[in-house]
Amino acid sequence: MAKNVIVAGGGIGGLSTALALRRKGFEVLILEQSDALSEVGAGIQLSPNAMHVLIKLGVSEALISMAFFPEYATMRHYLSGHEYLRMPLGKRIEQKYNAPYLHIHRADLHSVLHQAALKRGITITLKAQVKRYQHTQYGSTTKVQVELHDGRKFTCDMLVGADGIRSAVKKCLLPNSSLHFTGHVAWRGTLKSKNVPVALVKPDANLWIGPSAHLVNYYVRGGEEINIIAVQERKEWNDERWNIPGDVVELRRTFEKWHPQVTELLSHLESCFLWGLFGSEPLDKWVDNHVALIGDACHPMLPFVAQGAAMAIEDGFCLAKWVSTEIDIHQGLALYQADRFGRATRVQKMAKSNADLYHMNGMSAKIKLKALEILNALSPRLASLPIAFIYAHNVTLD
């Protein structure tokens, strides 16, 4: 009889984890607290390490049909437009890592994963907010009982907390865990490509860096839309929501002295969202017997290496791999954490350190930028070496 798993959270991490578990023969139930399974936000970058998993999960063709394939990843000075980095993407990165690098709208990625989950017999229950869990014994068998806020109870062989940075599962597993404001806020929005001048946005992953702020833009939906993410340092932020309507006028004012390509692009943006970026120090415990955390629930990271979703996708695949072995679930989950902890923590710390680099904070950032500029002039391959460990990793081969 197949073991059954509850996945708390029906976002990108939860759905990809559910698909990986279903692939290994588990019966999977997703508990989603919202009243509709959807994804807000805008664009997302899927690097080769994430795409290896999505290929194995059988959803890559659908994603590729609605994606945009950037030619380069660039880093430019906020005033002069001078390039510090021009790293090849496109066919070259696909040939190097045997998987593509693509840009896709978050809603499109979520929709593809959702439809795949339904097609493969994964049950999804909405308006199901987890309150607590507890382990129970049935003879020699360990089960997990999950209680919802409305009083409903479910029993499973394993519970996976994929319920994000403010995870209810994590709060039960680690009741003293806490979040802190990272000192950054982010605006996010999209606009139709037809509404901006041709060639204003290059067909790349475009990063503009400047004092205490940076801005990223790139195409999604086959080039029909442009995704914009703008980050600014702030001393305080008390609102924990992440989809607050933003003030476009404030956004434009923040970047009004930047390069004309930035200011003109923002002049066409009609609406956006704004939220504070929260995080935590690396957690040393992701597993409690038959319960485990994945993604932002255990390693929330700043979006400064574009790897938050990719790490969650990798987590889910590795978790399914380890618990599908002949050893018991607790041992498998312990091996899952041992397998993932070092890599996820390294990427988490890299994202944090990139904040100073992108915002030109201090002498160390100036030195790093000069070194990056020199390496890029010598060879873009040398300039891309610091991030190569992320893209080269293929969890499906382990």
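Start by selecting isoleucine 6 and leucine 159: leucine 159, in β11, is the bridge partner of isoleucine 6. This is a predicted model, where local features need pLDDT of at least 70 and side-chain atom pairs count only at pLDDT 80 or more, while totals for chains, interfaces and linings use all residues. Residues are numbered from 1 along each chain as its sequence is written, and side-chain values use heavy atoms, leaving out hydrogens and water.

Now show strand β1 (residues 4-8) beside β11; they pair in the parallel sense over four bridges. Strands here are DSSP runs of E, at least two residues, numbered from the N terminus, and two of them pair if DSSP finds at least two bridges between them.

Next, colour β11 (residues 158-161) by side. Met158 and Val160 on one side and Leu159 and Gly161 on the other are all buried (under 20% relative accessible area, 1.4 Å probe, protein chains only). Then add strand β19 (residues 291-293), which runs parallel to β11 and is joined to it by three bridges. There, leucine 293 is the bridge partner of glycine 161.

Move on to the open sheet of eight strands, ordered β5-β4-β13-β14-β15-β12-β17-β16 with mixed pairing. Its edge strands, β5 (83-88) and β16 (244-245), each pair on one side only. Inside the order, pick β4 (residues 72-77) and β13 (residues 205-210), parallel strands joined by five bridges; histidine 77 has isoleucine 209 in β13 as its bridge partner.

Finish at histidine 103 in strand β6 (residues 102-105). Histidine 103 is buried, with a relative accessible area of 0%.

Methods:
Buried < 20%, exposed > 50% of the residue type's maximum accessible area, 1.4 Å probe, protein only.
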